[in-house]
Amino acid sequence: MVVVPAIVEGVALLTAIVPFGLHRWNMHQWTKAHAQTHVPEPMNEELPLTVLLPVWNEATIIKQKLDDLAKQSASCSLLLIDSASDDATVDLAKTWFDEHPDAFQKVEVLVMEQREGKTAAVIQALNHIKEEGGASLVCMTDADARLGRGVLRRLMDWFSDPMIGAVGALPERMNARNEELGHRAMWEMMRITESYIDSTPFLEGSCMMWRQEALPIDELNPLSNADDAQIATAIRCQGWRVVVDEQAVFHDAAPELPSEQRRQKIRRGQGLQRLLVRRRKEGTGRRHGTFSKIMKRQFHFHITAPLAVGIASISALLRWGFIGLYGWPATFTLANSLHIGLCAMEAVMLGLWWRARSGKTSGPLSLLGQWLSSMELLMRSLVTSARGRSLHMWQQHADVRETMVAEFEN
């Protein structure tokens, strides 16, 4: 009775892990072949740029964010869309605009009648930009992100390449524990190397820029989060390249409490999973070339792998249940050998998972612990979706705003 769940556990773990190893090998090859050519060329002319700033209850930070945008070297218009804030966000923003009439070429403020989630707000704003015309480029940024010096200008330079449809910056995160730093580093390296060879399907909505003409707005799902990844993937599926610039950075903060950091990752994970399910055809065909391979791998990383780890965990519990009912397998049998080997493996993996979950490092094995921790969070995202609960509307992390206020003022 022990052999069957033992075999299922081993096969499920191999199914989860092997594609990660293959992708890391591919990443190594892509980096060697293309890293030196992945740089923007300065633009000869400045394309009209509109900065899109979605806000909801950002009274604590809105003035500092507008100050930060005004310091960017690129000339731009600003469209602020408010998701029915019930604080002074809009009033404070309008006061700031009155006090700084020359900060932007043009300023518009849209106020939604009711809160519908960030993606719905972004869709309304993008339709407005399209109707108004005049914007060749759109840059979306979040209120709690401080942009690096000259980052808008650097992102604009990428569009000197006529094949570039979207480009994103990378975060430098404050208050991040070792688990968070390892988690971000693992996924960010994927984004960078995917950009080297073709495109990445996921960008950071805190600072990303795209060609207005490249985005089919009606492909965005207003009832799902991960609006940034939705935008990036929709643009790539239109035939444009989508890349990240590892030298363009923005600063943000992780929630201080570990439980809040996990809640943030679960919300993000659900958005990416729902996107990958909607876009699963892009990973089963070949019409997008290497990008189809990337989408297939990301489907595995975010959906198949956590399910496989869940199956392996259930199989382990069943095996231990059979041991409890029928006793330890006889010595020098296949069942005994399998059980001893799996016991040792489970002890190591549980220890690594718990240390990563607690924000501790485990030397050269830290990557495995971080992977196990991310699989747990992605499985929780799948369970949340299976229960019919959507996380596209959420409560803010107040401590993040407080941290960023101090960062803006430095």
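**Note on cavities, pockets, sheet and cysteines**

1. In the second largest cavity, the lining residues split into five nonpolar, one polar and no charged. The model is a predicted one. The residues that line this second largest cavity are Leu126, Ile129, Trp210, Gln212, Leu215 and Ile217, and the space inside is about 30 Å³. For a probe or ligand calculation, the classes and the volume can be read together: five nonpolar residues and one polar residue surround about 30 Å³.

2. The number of cavities of 30 Å³ or more is two. The largest cavity holds about 1100 Å³ of space. Its lining comprises 49 residues, and those closest to the centre are Glu204, Asp228, Gln264, Arg267 and Arg268. By class the lining of the largest cavity consists of 18 nonpolar, 13 polar and 18 charged residues. No charged residue lines the second largest cavity, whereas 18 charged residues line the largest cavity.

3. Turning to open sites, the largest pocket has about 520 Å³ of space. There are 20 lining residues, and Val309, Ala312, Ser313, Leu350 and Leu372 lie nearest the centre of the pocket. Two or more lining residues come from each of α1 (3–34), α10 (290–326), α11 (334–357) and α12 (366–386). Of these, α10 gives the most, at eight residues. The lining of the largest pocket has 14 nonpolar, two polar and four charged residues.

4. The second largest pocket has a volume of about 300 Å³. Among its 13 lining residues, Asp68, Lys71, Arg146, Leu147 and Arg149 are the closest to its centre. The elements that supply two or more residues to this lining are α2 and β5 (146–147); α2 has the largest share, with three residues. The classes here are two nonpolar, six polar and five charged, against 14 nonpolar, two polar and four charged for the largest pocket.

5. The sheet is next. It is open and has eight strands, in the order β3-β2-β1-β4-β7-β6-β8-β5, with mixed pairing. β3 and β5 are the edge strands, and each of them pairs on one side only. β5 also gives two or more residues to the lining of the second largest pocket. In general, the strands of a sheet pair through backbone hydrogen bonds, either parallel or antiparallel.

6. Strand β2 (residues 77–82) is largely enclosed by the rest of the structure, because six of its six residues are buried. Ser77, Leu79 and Ile81 point one way from β2, while Leu78, Leu80 and Asp82 point the other way. The buried residues of β2 thus include Ser77 and Asp82 as well as the leucines and Ile81.

7. On one side, β2 pairs with β1 (residues 49–55) in the parallel sense over six bridges. Leucine 53 has leucine 80 of β2 as its bridge partner. Between β1 and β2 the chain passes through helix α2 (residues 62–70), and this β-α-β crossover is right-handed. Helix α2 is also the element with the largest share of the lining of the second largest pocket.

8. β2 also pairs with β3 (residues 107–111), again in the parallel sense, here over five bridges. Isoleucine 81 is opposite leucine 110 of β3. The path from β2 to β3 goes through helix α3 (residues 89–99), in a β-α-β crossover that is right-handed.

9. β1 has a parallel pairing with β4 (residues 137–141) as well, over four bridges. The partner of leucine 52 in β4 is methionine 140.

10. As to cysteines, the count of disulfides is zero. Cysteine 76 is in none, and the nearest cysteine sulfur, in cysteine 139, lies 8.2 Å away. Cysteine 76 counts as buried because its relative accessibility is 4%. For cysteine 139, the closest cysteine sulfur is that of cysteine 207 at 4.7 Å, which is too far for a bond; the cut-off applied is 2.5 Å. Cysteine 139 is buried as well, at a relative accessible area of 0%.

Key:
Residues numbered from 1 in each chain as written. Predicted model: local features only at pLDDT ≥ 70, side-chain atom pairs only at ≥ 80, totals over all residues. Heavy atoms only, no water. Buried < 20%, exposed > 50% of the residue type's maximum accessible area, 1.4 Å probe, protein only. Pairing = 2+ DSSP bridges. Right-handed = clockwise from strand over helix to strand, strands pointing away. 1 Å grid on protein atoms, 1.4 Å probe; cavity = no way out; pocket = protein on both sides within 12 Å on 5 of 7 lines; lining within 4 Å. Points joined across faces, edges and corners; volume = space filled by probe spheres on them. Nonpolar A, V, L, I, M, F, W, Y, C, P; charged D, E, K, R; others polar.
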